[in-house]
Amino acid sequence: MDIITYKNFSWRYSGYKGWTLHNINLSIKKGEFIGIIGKIGSGRTTFCSSMLGLIPHFYPGTMQGEIIINGLNVKKSKIADLSKCVGLAFQSPANQLTGAGTTVEEELAFGLQNLGVPYEEMHKRVDDMLNLIGLEKFRKRSPFELSGGQQQKVAIASVLIMNPNILVLDEPTSQLDPLGTEQVFDLIKKLSKTGITIMISTNNVDYLSRFADRIILFDNKIVKIDTPKKILTDINLLKKHSLTHSNITEVSLRLKKMNLSKKELAIDFAELKKEIEEIMK
Amino acid sequence: MASNILLSYVHKDSYFHKIDPSTKLLITVLVILLTFILKNYIHIMILLLFIFPIGIKSKVLRMVFRPVSQLFLIFILLFIIQGLFYPLATDKLMDLPFGFTLWKDGLINAANVGSRLLVMMVFGFWFVLTTHPGDLVSSLRKIGLPNALGYIMITTLQMIPRIQSQMKTIIDAQKSRGLETTGNLIKKFKSYLPLLGPLFMGSVQQAVEKSMALEARAFSSDCPKTNYRKTTIHLKDKIIMICAVALSIIGVILSWTL
Ligand SMILES: Nc1ncnc2c1ncn2[C@@H]1O[C@H](COP(=O)(O)OP(=O)(O)O)[C@@H](O)[C@H]1O
Ligand SMILES: [Mg+2]
């Protein structure tokens, strides 16, 4: 069953000429892991916002077409209702903090209070989440006094704790160090195995090539939707959109240029290993 | 001057930190009502005496008076202006040089207004210092406070320290662009004007962003809300509330009959 459907969706910010997103048609199945890539200004944040209904409800502009999320027509639904099934981690984590909690733990609990989660369960879920993201030490700190990376983790946790069916992450590792990035992607991968649908905007192709089921390439429209293999080894296409390919693909490319291998470009370690093993024979 | 006033909840292990926020709110509201009902500064100052046992038992007495001492200048100003220029003045105390007159009823009026302000501030600070915003909202929600109002209360209580730190950031930024924030009073006032822009422009932008953050967390959903912080009105809360109301009534009657 499709959990996300876009039918001829277009969006234009008021006062601007031309569509920021034009004629988007899309069906995402429950449990899919989707990577969203594109150059700066290609409309990825706009697309992510539309899944929670911030577009069209919060921004002035013109919308055409239809978005159906988890059976809800976005245009006709309250964001508060959409937020029960869609968790959106904003591009800038500081904007995610509501200020309704004086501490990290209260900030995390805020969504649960609004959903009417009982006291005992709420405390358990907050404890578990703090453990999961490794911020127990910071539970009593003001979320406004955390580093960007820590705020990013709190922001992701604050929506994740509400148990959404669909987790939308808009550049969730932009402020994280390599270890933090690794942790967040590991966490996302784990979540994905539990059956929730992941939509992640990131240009970190190393991770996408390993984890994503499909990748959407944006440039104010959908340029291409395909498997990581098809998109992330199309070097000319990536270059055209100011994107780079992964290190593994680069190694594979060089092997090919040296005429050592005639196979198609490798995208993950297993493929590269196979390629090298064949060369060794 | 204002930068070191700390006006937010301070965690302490005290009797009054542990009682229910509604109880403390009732005490504070009663005191504020009393300052308006009592007409005489002596009576109002007697009300002030109550802050000493309460403040000591709450372990925040010094913190309650610290911001007051920083506003000392305002009180002096109040007495000078009212003493010299009280419009309804009839009772002369003495003549001053340059044709000024010091009015007795002006000074009494200043004492009335000043004592009222002082008592309100002191008890207001006491309330803010001893009451966790989360507990306050959690407690008030139980007696029917709407969700949105609760959020406004929490953020307002946190706003003062936040605005202070924002002011500092903006001032630093403007200074690095060559803005003078020292000098005489008029110069100072003029130089602070350009700071208001960023402060308020920022606020509108922030308000939109905050409401998006709130909606993303099901803020206006229809389900009944629960609280992360537990508050309960115990027997001692009820006793304190009844005593506070009774004392207030006795106080009013005494002040009318004396
Ligand atoms: N609030 C807004 N008002 C007007 N235009 C906007 C707004 N937000 C984004 N845009 C424009 O829409 C385009 C897409 O932006 P965005 O979705 O943020 O792209 P991305 O996330 O891929 O960098 C950009 O050209 C940007 O200038
Ligand atoms: Mg973006």
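## Packing around helix α5 of chain B

In this predicted model, the buried residues of α5(B) pack against three helices of chain B: α4 (51-58), α6 (72-85) and α7. Which residues of this helix are buried? Along α5 (residues 61-70) of chain B they are B:L61, B:M63, B:V64, B:P67, B:V68 and B:Q70.

## The largest nonpolar core

Nonpolar side chains tend to be buried together in soluble globular proteins. Here, the largest nonpolar core has 50 residues. If you would like a place to start looking, A:I37, A:I198 and A:L232 are the residues with the most contacts inside this core.

Take A:I198 and look at what surrounds this residue. Leaving aside residues up to four places away in sequence, A:I198 touches A:E32, A:F33 and A:I34, along with A:L167 and A:L169. A:I188, A:L191 and A:S192 are also touched by A:I198.

## The largest pocket

Now for some open space: the largest pocket holds about 1100 Å³. Its lining has 40 residues, and those nearest the centre are A:T102, A:T103, B:Y9, B:H132 and B:P133. Chain A gives two or more lining residues from each of α4 (104-115) and α5 (119-133), while in chain B the elements that do so are α1 (15-18), α2 (21-37), α7 (104-130), α8 (133-142) and α9 (147-176). The most comes from α9(B), with 5 residues.

What is the lining made of? It divides into 11 nonpolar, 15 polar and 14 charged residues. And where does the pocket sit with respect to the domains of chain B? Domain 1 (1-132 + 235-258) and domain 2 (145-228) both give residues to the lining, so the pocket lies between them.

Methods. Residues are numbered from 1 along each chain as its sequence is written. Chains are lettered from A and ligands numbered from 1 in the order in which they are written. This is a predicted model: local features need pLDDT of at least 70, side-chain atom pairs count only at pLDDT 80 or more; totals for chains, interfaces and linings use all residues. Side-chain values use heavy atoms; hydrogens and water are left out. A nonpolar core is a set of buried Ala, Val, Leu, Ile, Met, Phe, Trp, Tyr and Cys residues joined through side-chain atoms within 4.5 Å. Buried means under 20% relative accessible area, exposed over 50%, partly exposed in between (1.4 Å probe, protein chains only). Contact means heavy atoms within 4.5 Å. On a 1 Å grid over the protein atoms alone, a cavity is a set of points where a 1.4 Å probe fits but cannot get out, and a pocket is an open set with protein on both sides within 12 Å along at least five of seven lines; lining residues have an atom within 4 Å of a point. Grid points are joined across faces, edges and corners, and a volume is the space filled by probe spheres set on the points. Helices (H or I, at least four residues) and strands (E, at least two) are DSSP runs, numbered from the N terminus. Ala, Val, Leu, Ile, Met, Phe, Trp, Tyr, Cys and Pro count as nonpolar, Asp, Glu, Lys and Arg as charged, and the others, Gly among them, as polar. Domain bounds come from an automatic or database domain assignment.
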